[in-house]
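Reader: Could you take one helix of this model and go through it closely, from its capped end to the residue that follows it, together with the helix that packs on it? I would like a connected account rather than a list.

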Amino acid sequence: MRIAVLVSGSGSNLQALIDAQKAGQIQAEIVGVLSNKSDAYALQRAKNANIDTAIIQHQDFPTRASFDAAMHQQLIDWQVDIVILAGFMRILSGEFVTKWQGKMLNIHPSLLPAYKGMHTHQRVLDSGDVWHGCTVHFVTAELDAGQAIVQGVLKVSYQDDVNSLSQRVHQLEHLIYPQAVAWLCNSQLKYINQSHVEYQKQPLNHPIQFTQL
Ligand code: GRF
């Protein structure tokens, strides 16, 4: 399996995937890291690990479709099997998503379907929620709405603020994302269709959960 990781920022999830691959947890090769931002620290992490990088900046393209087409071409050039979104901050067109349906994962910092979109930690605090976490899901055309595979769950403390929640959620992300990618790479996890995901030949009706104690 050949993996590409799409990033826009720090890339701590990319680092977790690189480390998991080096440790033999993921049976695949990360062949390229693609960023829409030239100053993303994730690019440095890729270079440190001798992984090929590409910068495709959305502002250089007149339309979302042409930007997505350039990204798709880069993925084809890398002969990619699986696309991993790791803090990639652009909405993808339906056409692009369809091309990678069942082969593209995202991680989102909330217990989906709660809190799709941005500012999830603040929204959890504002709502006074007891539980928070992160979700790995297949990417579908609707934002943050694809089938959930695995969630990391934590209990919100009265001492938590946005920074502490962000750090605690990141710790969980670094645990569950390499796990989900490993399952996809070794075929324990299969996308069947929009409403059906199989895990080890069983329908996966609810995400698998890891809880931070
Ligand atoms: C993570 O919180 C992830 O859930 C979200 O973007 C953030 C990326 O963080 N999609 P990093 O760049 O991997 O550190």
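Author: At the N-terminal end of α6 the cap is Asp161, one of whose side-chain oxygens lies 3.2 Å from the backbone nitrogen of Asn163; the model is a predicted one, and the values that follow are computed from it. The helix comprises 24 residues, 162-185, and since 1.5 Å is allowed for each residue it should span 34 Å, which agrees with the 33 Å that separates its end C-alpha atoms. Within α6 there is nevertheless a kink of about 25°, and this kink is centred on Glu173. Beyond the helix comes Ser187, a residue with a positive phi, near 65°.

Glu173 appears again where α6 meets another helix, for it is among the α6 residues in contact with α1, together with His170, His174, Tyr177, Pro178 and Val181. On the α1 side, the contact is made by Ser12, Asn13, Ala16, Leu17 and Ala20, with α1 itself covering residues 12-22.

As for geometry, two packed helices are described by the angle between their axes and by the distance between those axes. Here the axes of α1 and α6 come within 9 Å and cross at roughly 50°, and because of that angle α1 counts as oblique to α6. The crossing in which α1 passes α6 is right-handed. The kink centre, Glu173, is thus also a residue through which α6 contacts α1.

Notes. Residues numbered from 1 in each chain as written. Predicted model: local features only at pLDDT ≥ 70, side-chain atom pairs only at ≥ 80, totals over all residues. Heavy atoms only, no water. Helix = DSSP H or I, 4+ residues; strand = E, 2+ residues; numbered from the N terminus. Expected span 1.5 Å × (residues − 1). Bend = angle between axes of the 7 residues up to and from the residue. Polar contact = N/O pair within 3.5 Å; in protein donor to acceptor, adjacent residues only side chain to side chain. Axes fitted to C-alpha atoms, helices over the stretch in contact; angles between N-to-C directions. Parallel < 35°, antiparallel > 145°, perpendicular 65-115°, else oblique. Left-handed = near helix turned anticlockwise from the far one by under 90°. Contact = heavy atoms within 4.5 Å.
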